[in-house]
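Biologist: I would like a close look at a single part of this protein. Please pick one helix and walk me through its surroundings.

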Amino acid sequence: MAERWLAAWNAHDVDAILALYATDARHTSKRVRLLGGSDETLHGRDAIAAYFRRGLEQYPRLRFAPLSVSTGPRTVVIESRRSG
């Protein structure tokens, strides 16, 4: 899942990113506040889609390279570094 998420982000394909999220998903990142969120967690695919679209508009060349991946029953945590 983490590899698919990174590939979708690095391709700047919001639809492919959203396909990895359940309808009631949450997305937590410190970057959420940097892109206009009121806290670090987004709730639902619509909020997640808007966040990723804002990010891609603001940083059209941004790519990530994975450092580590952790998973749980309903969670994937990707530690990454900026590569572009």
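Modeller: What follows is a tour of one helix, its neighbours and the pocket beside the tour's end. The model is predicted.

Start with helix α4, residues 45-58. The helix has 14 residues. At 1.5 Å a residue, they should span 20 Å, and the end C-alpha atoms are 20 Å apart, which agrees.

Now the buried residues. In α4 these are Ile48, Ala49, Tyr51, Phe52, Gly55 and Leu56. They cover an arc of only 165° around the axis, which puts them on the same side of α4. The spacing has a simple background. An α-helix has 3.6 residues a turn, so residues three or four places apart point the same way. Turn to the other side of α4, and Asp46 and Glu57 are exposed.

What lies over the buried residues? Several elements do, and the cover includes helices α1 (2-10), α2 (14-18) and α3 (31-34). Strands β1 (26-28) and β2 (41-43) are also part of that cover.

Take one residue from α1. Trp9 sits in this helix. Its relative accessible area is 4%, so Trp9 counts as buried, the cut-off being under 20%. Leaving out residues up to four places away in sequence, Trp9 touches Phe52, Gly55 and Leu56, which are among the buried residues of α4. The other contacts of Trp9 on that count are Ile17, Leu62, Arg63 and Phe64. Ala19 is 10 residues from Trp9 along the chain, and their C-alpha atoms are separated by 12 Å.

A second residue to check is Ser29. Its place is the loop between β1 and α3. Ser29 has 12% relative accessibility and therefore counts as buried. With residues up to four places away in sequence left out, Ser29 touches Tyr51 and Glu40. Tyr51 is one of the buried residues of α4.

Last, the largest pocket. It holds about 1200 Å³ of space. The lining has 32 residues, and Tyr21, Arg26, His27, Thr28 and Val76 lie nearest the centre. Helix α4 is among the elements that give two or more residues to this lining, along with α1, β1, α3 and β4 (76-82). Strand β4 gives the most, with six residues. Sorted by class, the lining has 19 nonpolar, seven polar and six charged residues.

To recap, α4 has its buried residues on the same side, and Asp46 and Glu57 are exposed on the other.

Note on methods. Residues are numbered from 1 along each chain as its sequence is written. This is a predicted model: local features need pLDDT of at least 70, side-chain atom pairs count only at pLDDT 80 or more; totals for chains, interfaces and linings use all residues. Side-chain values use heavy atoms; hydrogens and water are left out. Helices (H or I, at least four residues) and strands (E, at least two) are DSSP runs, numbered from the N terminus. The expected span of a helix is 1.5 Å times one less than its number of residues. Buried means under 20% relative accessible area, exposed over 50%, partly exposed in between (1.4 Å probe, protein chains only). The arc is that of the directions from the helix axis to the C-beta atoms. Contact means heavy atoms within 4.5 Å. On a 1 Å grid over the protein atoms alone, a cavity is a set of points where a 1.4 Å probe fits but cannot get out, and a pocket is an open set with protein on both sides within 12 Å along at least five of seven lines; lining residues have an atom within 4 Å of a point. Grid points are joined across faces, edges and corners, and a volume is the space filled by probe spheres set on the points. Ala, Val, Leu, Ile, Met, Phe, Trp, Tyr, Cys and Pro count as nonpolar, Asp, Glu, Lys and Arg as charged, and the others, Gly among them, as polar.
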